[in-house]
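Biologist: I would like to go through this model with you, one question at a time. Please give the reasoning before each result.

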Amino acid sequence: MKTKAAVLYEQNQPLVIEEITIPEPMEGQVLVKIIASGICRTQINEIKGEKGPDKFLPHTIGHEGAGIVQRVGRKVKKVKAGDHVVLTWIKGIGLDISSSKYENNKGVAINSGAISTFMEYAIISENRLVVIPDEMPFNEAALLGCAIPTGAGIIKNSINLNKEKSISIFGIGGIGASALLYASSIGCSKIIAVDVNEKKLKFAMDIGATQTINSKTENVISRIKEITDNNGTDYAVECSGKKEAMEAAFASINNKGTAVIAGNLKYGEKISINPFDLILGKKIIGTWGGETKPDTDIPLYAKMFLSGRLKLGKLITHKFNLEEINEAINLIEKGEVVRAIIEL
Ligand SMILES: [Zn+2]
């Protein structure tokens, strides 16, 4: 069958929107009609080539979405036609089929990984799908593929935040806002949002931040000390992917504190920290998708949304259609967007 897709042919070039042919789902694969997809920093890094040369070009792209199962390949047990599903890059239960091949109208092979979402129909590996209730709206469901599991997962799984503790969140994009929203939903009483963009700081207050710091105009470390009676926060979560933010996150926690690095630097870039802080007891850790177990965590977040506890809709600040995807990407790069949804 034919589908419309956004394809990355060359690094640092706009995505090409074109019709491509997709095969029938093979063993362990599922054909999904995609209704909504999020765009995240990872795709921008892929397009910009920030992780180095890309040996899979040309390829499809996108790793969080929501849609409806059309057909399943052999041995697929987890989903059936008609199921509403979240598409996530995070591996869960089910067969893991790492790639498939599409073709454009000139007969050129287009590579695809286990998941792609910037297209109307896609072949998805069974283990990247999680069934959600039919009443869950697709735009909000798309956020359960990456932003929420990563952001909320940091709070729930990586640090298992207890509401008495203080936390700072650096970078109020999709992941940072998701972390903030979840911290607020469990009643955390000290949530400090740090960003360079005033609009995003206002937004952070709107979704539950208790204090904000503009790191462009204020000294972040001394402001955090001030807010925490000179102690520093118990946790800092860095989601901006900026070297200075990573260093400030570590410097601004207390001596029992933990800094979590969720952002990505450019390939080869390094951070510097004071090792004596480690001796004093500070910790610094990374996170892989918020240590999410998609098959238990995603249904939990869906349930929290449906009961009104997790206000996912607030994270969606922009909506686009597939033809506008390059404009959406430019806007995200300008730092104006919390989460943009592509409505297919
Ligand atoms: Zn992502």
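Biologist: Is Tyr235 buried or exposed?

Modeller: The model is a predicted one. A residue counts as buried when 20 or more other C-beta atoms lie within 10 Å of its own. Tyr235 has 26 other C-beta atoms within 10 Å, so Tyr235 is buried.

Biologist: In which strand is Tyr235 found?

Modeller: The chain has 10 helices and 18 strands. Tyr235 falls within residues 233–238, and that run is strand 14.

Biologist: Leaving aside neighbours within four places in sequence, which residues is Tyr235 in contact with?

Modeller: Contact here requires C-beta atoms within 7 Å. Leu87 is 148 residues from Tyr235 in sequence and 30 Å away in space, C-alpha to C-alpha. With neighbours within four places left aside, the contacts of Tyr235 are Ile159, Leu161, Lys165, Ile167, Ile253, Gly257, Thr258 and Val260.

Biologist: Which helix gives the largest share of the largest nonpolar core?

Modeller: The largest nonpolar core has 107 residues, and those with the most contacts inside it are Ile169, Ala179, Leu180, Ala193 and Val237. Seven residues of this core, its largest share, come from residues 174–185, which form helix 4.

Biologist: From which domains does this core draw at least three residues each?

Modeller: The chain is divided into two stretches of assignment, one of them written as 2–145 + 311–343 and the other as 147–290. The core draws at least three residues from each, that is, from domain 1 and domain 2.

Biologist: Which residues does Ile169 contact, leaving aside neighbours within four places in sequence?

Modeller: Ile169 is among the residues with the most contacts inside the largest nonpolar core. Beyond the neighbours left aside, Ile169 is in contact with Gly176, Ala179, Leu180, Ile191, Ala193, Val194, Val237 and Cys239.

Biologist: How do the residues on the side of domain 1 that touches domain 2 divide?

Modeller: The C-alpha centres of domain 1 and domain 2 lie 29 Å apart. Their contact takes 17 residues from domain 2 and 19 residues from domain 1. On the domain 1 side, the division is seven nonpolar, five polar and seven charged.

Biologist: What is the radius of gyration of the chain?

Modeller: The C-alpha atoms fill a box of roughly 60 × 40 × 35 Å along the principal axes. For 344 residues the globule rule gives 20 Å, and the chain is close to that, so it is as compact as a globular protein of that length; its radius of gyration is 20 Å.

Biologist: What percentage of the residues of the chain count as buried?

Modeller: Among contacts between residues at least 6 apart in sequence, 71% join residues at least 24 apart. Of the 344 residues, the share that counts as buried is 51%.

Note on methods. Residues are numbered from 1 along each chain as its sequence is written. This is a predicted model: local features need pLDDT of at least 70, side-chain atom pairs count only at pLDDT 80 or more; totals for chains, interfaces and linings use all residues. A nonpolar core is a set of buried Ala, Val, Leu, Ile, Met, Phe, Trp, Tyr and Cys residues joined through C-beta atoms within 7 Å. A residue is buried if 20 or more other C-beta atoms lie within 10 Å of its own, exposed if 12 or fewer, and partly exposed in between; C-beta atoms are placed from the backbone. Helices (H or I, at least four residues) and strands (E, at least two) are DSSP runs, numbered from the N terminus. Domain bounds come from an automatic or database domain assignment. Two residues are in contact if their C-beta atoms, placed from the backbone, lie within 7 Å. Ala, Val, Leu, Ile, Met, Phe, Trp, Tyr, Cys and Pro count as nonpolar, Asp, Glu, Lys and Arg as charged, and the others, Gly among them, as polar. The radius of gyration is taken over C-alpha atoms; the globule rule is 2.2 Å times the number of residues to the power 0.38.
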